[in-house]
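Student: I've got a model open on my screen and want to talk it through. Can we start with the ligand and then zoom out?

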Amino acid sequence: IPGLDQDVRTRLSTIEQQAAETTAALRDSLRVLSAPPEQVALGVALREHCRAFSDRTTITAQVITLTELPTLPRSHIQALADAVREALLNVEKHARAHSVVISIFTLRGGVAVMVSDDGVGLGDGHTRDTGLGLASAFDRLARIGGSLAVAPNDDDGVTVQAWVPA
Ligand SMILES: Nc1ncnc2c1ncn2[C@@H]1O[C@H](COP(=O)(O)OP(=O)(O)O)[C@@H](O)[C@H]1O
Ligand SMILES: [Mg+2]
């Protein structure tokens, strides 16, 4: 429309962009909904831990799935979910964080789950040898050929990354 007010143009293009984003989100949701149950089981388990964590703390928490995921055996999903539950318990107990992000993605032919907080960090006396929680998550992952890494992150907080082969 010729002579359209610049303000109106800007708002229209914002609406256009939001509509495009909504369509993309809807398409993703439909894809997830039509995926077989095994392919969403990990996301469902992690979202459940995330929701419980949000209910009992004031720390913002979200789960982000970054890539398509291969189907995993039950034992692998369980080991990842256990590691995430322990990592979230640690955020609650030790981190004094404002927010935590749980991301899921494919890595080295398997699946990795990363729990990153923006809390106080590990300090000096850390490591998985200092407590039982991370050590048992580590053992459980190792038994199925997976791994666990605990490290400082750019937000001065802690990132725990659990990995399992597919
Ligand atoms: N998110 C975190 N922020 C700060 N410190 C952490 C975090 N996660 C773990 N730690 C440190 O690592 C130690 C080991 O953790 P863990 O093995 O789960 O034992 P526990 O929780 O029983 O102390 C903790 O005692 C704590 O000092
Ligand atoms: Mg612990």
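Tutor: Sure, and one term comes up right away: a polar contact is a pair of N or O atoms within 3.5 Å; within protein, one must be able to donate a hydrogen and the other to accept it, and residues adjacent in sequence count only if both atoms are side-chain atoms. Keep in mind that this is a predicted model, where local features need pLDDT of at least 70, side-chain atom pairs count only at pLDDT 80 or more, and totals for chains, interfaces and linings use all residues. Residues are numbered from 1 along each chain as its sequence is written, chains are lettered from A and ligands numbered from 1 in the order in which they are written, and side-chain values use heavy atoms, with hydrogens and water left out.

Student: How far is an oxygen atom of ligand 1 from an N or O atom in the side chain of E86?

Tutor: E86 is among the nearest of the 15 residues around ligand 1, where near means that a heavy atom lies within 4 Å. N90 puts a polar side-chain atom 2.8 Å from a ligand oxygen. For the E86 side chain, the N or O atom sits from an oxygen of ligand 1 at 2.8 Å.

Student: Which helix gives the largest share of the shell around ligand 1?

Tutor: Helices here are DSSP runs (H or I, at least four residues), and strands are too (E, at least two), numbered from the N terminus. Both α3 (74-95) and α4 (132-143) supply at least two shell residues each. Five residues, the largest share, come from α3.

Student: What is the radius of gyration of the protein chain?

Tutor: The chain has four helices and five strands. It is more spread out than a compact globule, because the globule rule gives 15 Å for 166 residues and the chain is well over that. The rule is 2.2 Å times the number of residues to the power 0.38, and the radius is taken over C-alpha atoms. The radius comes to 20 Å.

Student: Which residue forms a salt bridge with D28?

Tutor: A salt bridge needs a side-chain nitrogen of Lys or Arg within 4 Å of a carboxyl oxygen of Asp or Glu, and the count is seven. D28 and its partner are three residues apart in helix α1, so about one helical turn separates them. With the closest N and O atoms 2.9 Å apart, the partner is R31.
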